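Please look over the model shown here. The report takes up its DNA contacts, a sheet and the chain symmetry.

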2 protein chains.
Amino acid sequence: MGVPLQEAAPLFAALGDGTRLQLLARLGSGGPHSITDLSRASALSRQAITKHLGVLSGAGLVRSRRQGRECIWELEPGRLDDAHRYLEGISRQWDEALDRLRAFVEG
Amino acid sequence: MGVPLQEAAPLFAALGDGTRLQLLARLGSGGPHSITDLSRASALSRQAITKHLGVLSGAGLVRSRRQGRECIWELEPGRLDDAHRYLEGISRQWDEALDRLRAFVEG
DNA sequence: TTCATGCGCAACCTCCTGGTTGCACATTAT
DNA sequence: ATAATGTGCAACCAGGAGGTTGCGCATGAA
């Protein structure tokens, strides 16, 4: 099946922060950005943004490349599909459980 | 559109814990369970399970009803769809960004 | 060369999270 | 009536998360 628990938990944990979701949304809609660029739009310090990007990177949601003295970050879109699939897994289990219950009740 | 940031962050945060994902999986595949029932399968104390269920409930992922002296918990499946939709939102943004980039590069 | 910019590392602080234990209360079983 | 079971509430604790500041180092601009 799709994504095991040990992998899914830190993935969702990385998604479970407003600042990080904003970063993902920004990288998703606006394309790649440098750290300073991202922090200028965020009221937080550059270091805070760096830490958040580190968390997202650790979860495989984002990737960086060095370009001159800048560090450019962009989405790693495949990981979102993993989270996607995991949710589908639970939803499907739930639907099956409802079906079994219905079958049992209706005899 | 779908799910705003302020709502999605705590939702994913609730999903970002292995114990809670196990609880969801258990409730999804095995149907409703009482707290003691859930904690017997989990090596953690009953109170820990109670707290986790509280977090899941706060995120709208799960619901409880009192039945005699027991407290029965079950999935609230609609919320999973919310998380689902949010991920789709970011993925779609990303795909659109890629399309724009492709269009730009190919002139 | 000299200055400014972008970044990384490390220390530090505060608050929240995950976990425990102990006790009290309601409900069922004997 | 008494005992056992299932919960809830509160206090408490250790560790991690999110944030800041300060400093040093590379890289690009004047």
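The text below starts with conventions and then turns to the DNA surface.

This is a predicted model: local features need pLDDT of at least 70, side-chain atom pairs count only at pLDDT 80 or more, and totals for chains, interfaces and linings use all residues. Residues are numbered from 1 along each chain as its sequence is written, chains are lettered from A and ligands numbered from 1 in the order in which they are written, and side-chain values use heavy atoms, with hydrogens and water left out.

**DNA strand D**

DNA strand D is surrounded by 21 residues, where near means that a heavy atom of the residue lies within 4 Å. The closest are Ser45(A), Lys51(A), His52(A), Thr36(B) and Arg46(B). Of the atoms of DNA strand D that come within 4 Å of the protein, 56% belong to sugar and phosphate.

Three polar contacts (pairs of N or O atoms within 3.5 Å; within protein, one must be able to donate a hydrogen and the other to accept it, and residues adjacent in sequence count only if both atoms are side-chain atoms) are tabulated.

| Side chain | Partner in DNA strand D | Distance |
|---|---|---|
| Ser45(A) | phosphate oxygen | 2.8 Å |
| Lys51(A) | base oxygen | 2.5 Å |
| Arg69(A) | base oxygen | 3.1 Å |

Four elements give two or more residues to this surface: helix H4 (46–58) of chain A, and helix H3 (35–40), helix H4 (46–58) and strand E3 (70–75) of chain B. Helices (H or I, at least four residues) and strands (E, at least two) are DSSP runs, numbered from the N terminus. H4(A) gives the most, with four residues.

By class, the surface near DNA strand D holds nine charged, eight polar and four nonpolar residues. Ala, Val, Leu, Ile, Met, Phe, Trp, Tyr, Cys and Pro count as nonpolar, Asp, Glu, Lys and Arg as charged, and the others, Gly among them, as polar.

**The sheet of chain B**

Chain B has an open, antiparallel sheet of three strands, ordered E1-E3-E2. Strands pair if DSSP finds at least two bridges between them. Strand E1 (33–34) and strand E2 (62–67) stand at the edges with a single partner strand each, so one side of each has no neighbour in the sheet. E2(B) and E3(B) are joined by six bridges. Gln67(B) stands opposite Glu70(B) in E3(B).

Helix H2 (residues 18–30) of chain B lies across E1, E2 and E3 of that chain. Its direction is at about 90° to E3(B). Axes are lines fitted to C-alpha atoms, for helices over the stretch in contact (heavy atoms within 4.5 Å), and angles run from 0 to 180 degrees between N-to-C directions.

**Symmetry**

A rotation of 180° with 0.0 Å of shift along its axis superposes chain A on chain B, with RMSD 0.0 Å. That is the relation of a two-fold axis. Superposition is by least squares on the C-alpha atoms of residues with pLDDT of at least 70 in both copies. Both copies use the same surface: 100% of the contact residues of chain A recur in chain B.
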